[in-house]
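Open the model in your viewer and keep the sequence panel beside it. The stops below are given as selections, each followed by what can be found there.

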Amino acid sequence: MKKITIGDAARQSGVKVPTIRYYESIGLLAAPSRSEGNQRSYEPADIRRLAFIRHARELGFEVGSIRTLLALQDDPDQSCASADAIAKARLIEVEQRIRSLMALKAELEIMVEGCGHGRVDQCRVIEVLADHGQCMHPHH
């Protein structure tokens, strides 16, 4: 079977070459075998693992959570309770972020609606940004 170069691994998995090296350095991906010319050689399983990591990162999972999920994937006979707990925690984070973004959206709508499109010295956007106390919601 033909070995896969790091460039091909990047193209097939959607993960950039420097990121592949980083994942190797932090142990999310095992160090691949090397060719006689010392080039990395990947297996199809490595590409699947990289795609898994990429997808998990796109969903916002932190490296520690991904490490746990990969360990679970590597031992498929165990309970999926840990995977469920990780996904539920991420869902709670997303829901909190949505609430925060909705409050931000409402604040920006009020700010824009209050704009009279006159001069800057009468601009509601500038007033609110200059005085955080005029905001309806606390921001972090």
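Contact, as the word is used on this tour, means heavy atoms within 4.5 Å. The model is a predicted one, and it is worth colouring the chain by confidence before anything else is selected.

**The whole chain**

With that colouring on, the protein chain shows a mean pLDDT of 86, and 81% of its residues reach 70 or more. Confidence is highest in helix α2, at a mean of 96, and lowest in helix α6 (residues 124-130), at 68. Switching to a cartoon view, you will find six helices and two strands, arranged along the sequence in the pattern α-α-β-β-α-α-α-α. If you then colour by accessibility, buried residues account for 24% of the 140 residues in the protein chain. The surface that the protein chain exposes comes to about 9700 Å², of which carbon and sulfur atoms supply 56%. A contact map adds one further figure: among contacts between residues at least 6 apart in sequence, 45% join residues at least 24 apart.

**Select Arg40 and Glu24**

Begin with Arg40, which lies in strand β2, a run covering residues 40-41. Leaving aside residues up to four places away in sequence, Arg40 touches Ile4, Thr5, Ile6, Arg21, Glu24, Pro32, Ser33 and Arg34. Which of these should be selected next? Take Glu24, because its side chain makes a polar contact with the side chain of Arg40, at 2.9 Å. Glu24 belongs to helix α2 (residues 17-25), and it counts as buried because its relative accessibility, 13%, falls under the 20% limit. With the same sequence neighbours left out, the residues that Glu24 touches are Leu29, Ala30, Pro32, Arg40 and Tyr42.

**Select Asp8 and Arg11**

The structure holds seven salt bridges, and three of them are visited here, starting with the one between Arg11 and Asp8, whose closest N and O atoms are 2.6 Å apart. Both residues sit in helix α1 (residues 6-13), three residues from one another, or about one turn of the helix. An α-helix has 3.6 residues a turn, so residues three or four places apart point the same way. On a surface view the partners fall into separate classes: Arg11 counts as exposed at 62% relative accessibility, while Asp8 counts as partly exposed at 22%.

**Select Lys105 and Glu109**

Next, move to helix α5 (residues 81-113), where Lys105 and Glu109 are separated by about one helical turn because they stand four residues apart. Their side chains meet in a salt bridge of 2.6 Å, N to O. Are these two residues buried, partly exposed or exposed? Lys105 is partly exposed, with a relative accessibility of 43%, and Glu109 is likewise partly exposed, at 36%.

**Select Arg49 and Asp74**

The third salt bridge joins the side chains of Arg49 and Asp74, at 3.1 Å from N to O. This pair links distant parts of the chain, with Arg49 in helix α3 (residues 44-58) and Asp74 in helix α4 (residues 63-74), 25 residues apart. Asp74 counts as exposed, its relative accessibility being 51%, whereas Arg49 appears among the buried residues of α3.

**Select helix α3**

Staying with α3, extend the selection to the whole helix, which has 15 residues and reaches 21 Å from its first C-alpha to its last, close to the 21 Å expected at 1.5 Å a residue. The buried residues to highlight in α3 are Asp46, Ile47, Arg49, Leu50, Ile53 and Ala56. What covers these buried residues of α3? Show α1, α2 and α4, which are included in that cover.

Within the same helix, pick out Ala51, which is partly exposed, with a relative accessible area of 24%. A distance drawn from the C-alpha atom of Ala51 to that of Val15 should read 7.4 Å, although the two residues are 36 apart along the chain. To finish, follow the backbone out of α3 to Gly60, which comes after the helix and has a positive phi, near 90 degrees.

Note on methods: Residues are numbered from 1 along each chain as its sequence is written. This is a predicted model: local features need pLDDT of at least 70, side-chain atom pairs count only at pLDDT 80 or more; totals for chains, interfaces and linings use all residues. Side-chain values use heavy atoms; hydrogens and water are left out. A polar contact is a pair of N or O atoms within 3.5 Å; within protein, one must be able to donate a hydrogen and the other to accept it, and residues adjacent in sequence count only if both atoms are side-chain atoms. Buried means under 20% relative accessible area, exposed over 50%, partly exposed in between (1.4 Å probe, protein chains only). A salt bridge is a side-chain nitrogen of Lys or Arg within 4 Å of a carboxyl oxygen of Asp or Glu. The expected span of a helix is 1.5 Å times one less than its number of residues. pLDDT is the predictor's confidence in each residue, from 0 to 100. Accessible areas come from the Shrake-Rupley method with a 1.4 Å probe; for residues, only the protein chains shown count as cover.
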